[in-house]
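I opened the notebook to jot down how the helices pack and what lines the pocket. Entries are in the order I looked things up.

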Amino acid sequence: MALELRHIYKNFGDHNVLTNLSLFFPENRVTAIMGPSGSGKTTIINIIAGLQTPDHGEIAGLRGHKFSMVFQEDRLLEHRSGLNNVLYVLPRPKAHETRALELLNQAGLAQDVYKRARDYSGGMKRRLALCRALAADFSLLILDEPFKGLDAALKPKIMAMVKTRAAEKTVILVTHDKEEAAFFGSRIIDITNPPNICH
């Protein structure tokens with residue numbers, strides 16, 4: 001189901017972030033939200049995910065969606081292994097262990113699946129966060145600068161993994177990188193000049 005933000009307002013104290021913002025996110029397609037830091041991109045996806053509440057306005061089309069999300073921060077279970085971080089989002093962990101190991105292998109983490117997340121490097125943590133999000137059962141995938149900090153040699157492989165796993169899903173991608181947006185064939189929203197529910 002497509003999503004619509006209708007006339008959204010959001011302030012943080014005296015700081016106005018979103019004013020009368022209306023956006024459309026088509027079903028089963030990647031939409032990239034682009035714009036400078038501080039322009040409200042993360043606030044938009046936090047509102048969609050229910051992590052923040054708009055001061056005014058409404059969201060249509062959320063009912064029935066299963067969410068998965070990669071935040072700007074990795075938000076891992078640092079004391080648990082890489083494998084257990086992925087299994088954590090699965091309803092029957094033991095039954096899905098093969099699936100989790102396959103994802104970790106694709107992300108180049110096969111040799112580190114039993115290592116605790118706190119011992120991973122920054123780039124490894126990012127890949128683990130992506131694996132965890134992709135392992136979940138989702139119809140809506142929200143990605144907030146998901147590829148930042150990745151090694152340049154690994155980044156194309158990880159992006160291809162995400163593209164394959166998120167095929168035929170509704171994806172909202174926050175990025176500063178036009179090449180990332182183009183790779184996913186994204187419909188682009190420039191948050192500095194947003195459309196008024198442009199289908």
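These notes go through three helix pairs and then a pocket.

**Entry 1, before starting.** I'm working from a predicted model, so I keep that in mind throughout.

**Entry 2, H3 on H4.** I pulled up helix H3, residues 97–106, and helix H4, residues 122–135. Their axes come within 10 Å and cross at roughly 140°. The pair is therefore oblique, since the cut-off for roughly antiparallel is over 145 degrees. I also looked up the hand of the H3 and H4 crossing, and it is right-handed. On the H3 side I listed Arg99, Leu103 and Leu104. H4 answers with Leu128, Cys131, Leu134 and Ala135. Sorting the residues of this contact by class gave me six nonpolar, one charged and no polar.

**Entry 3, H4 on H5.** Next I took H4 with helix H5, which covers residues 155–165. Here the axes come within 11 Å, and the crossing is roughly 10°, which makes H4 roughly parallel to H5. H4 puts Arg127, Leu130, Cys131 and Leu134 into the contact. From H5 I noted Ile158, Met161, Val162 and Arg165. The class count for H4 with H5 came out as six nonpolar, two charged and no polar residues. Going back over my lists, I see Cys131 and Leu134 of H4 in the contact with H3 and also in the contact with H5.

**Entry 4, H3 on H5.** That left H3 against H5, whose axes come within 10 Å and cross at roughly 145°. H3 brings Glu102, Leu103, Asn105 and Gln106 to this contact. Lys157, Met161 and Arg165 are the H5 residues I wrote down. By class I got two nonpolar, two polar and three charged residues for H3 with H5. Leu103 had already turned up in the contact of H3 with H4.

**Entry 5, the largest pocket.** How much space lies in the largest pocket? I get about 150 Å³. I then listed its lining: Ala49, Leu51, Phe67, Ser68, Met69, Phe71, Val89, Arg132, Ala133 and Ala136. Which elements give two or more residues to that lining? They are H4 and strand S5, residues 67–70. S5 gives the most, with three residues. By class, the lining of the largest pocket has eight nonpolar residues, one polar and one charged.

Methods. Residues are numbered from 1 along each chain as its sequence is written. This is a predicted model: local features need pLDDT of at least 70, side-chain atom pairs count only at pLDDT 80 or more; totals for chains, interfaces and linings use all residues. Side-chain values use heavy atoms; hydrogens and water are left out. Axes are lines fitted to C-alpha atoms, for helices over the stretch in contact, and angles run from 0 to 180 degrees between N-to-C directions. Angles under 35 degrees count as roughly parallel, over 145 as roughly antiparallel, 65 to 115 as roughly perpendicular and the rest as oblique. A crossing is left-handed if the near helix is turned anticlockwise from the far one by less than a right angle, and right-handed if clockwise. Contact means heavy atoms within 4.5 Å. Ala, Val, Leu, Ile, Met, Phe, Trp, Tyr, Cys and Pro count as nonpolar, Asp, Glu, Lys and Arg as charged, and the others, Gly among them, as polar. On a 1 Å grid over the protein atoms alone, a cavity is a set of points where a 1.4 Å probe fits but cannot get out, and a pocket is an open set with protein on both sides within 12 Å along at least five of seven lines; lining residues have an atom within 4 Å of a point. Grid points are joined across faces, edges and corners, and a volume is the space filled by probe spheres set on the points.
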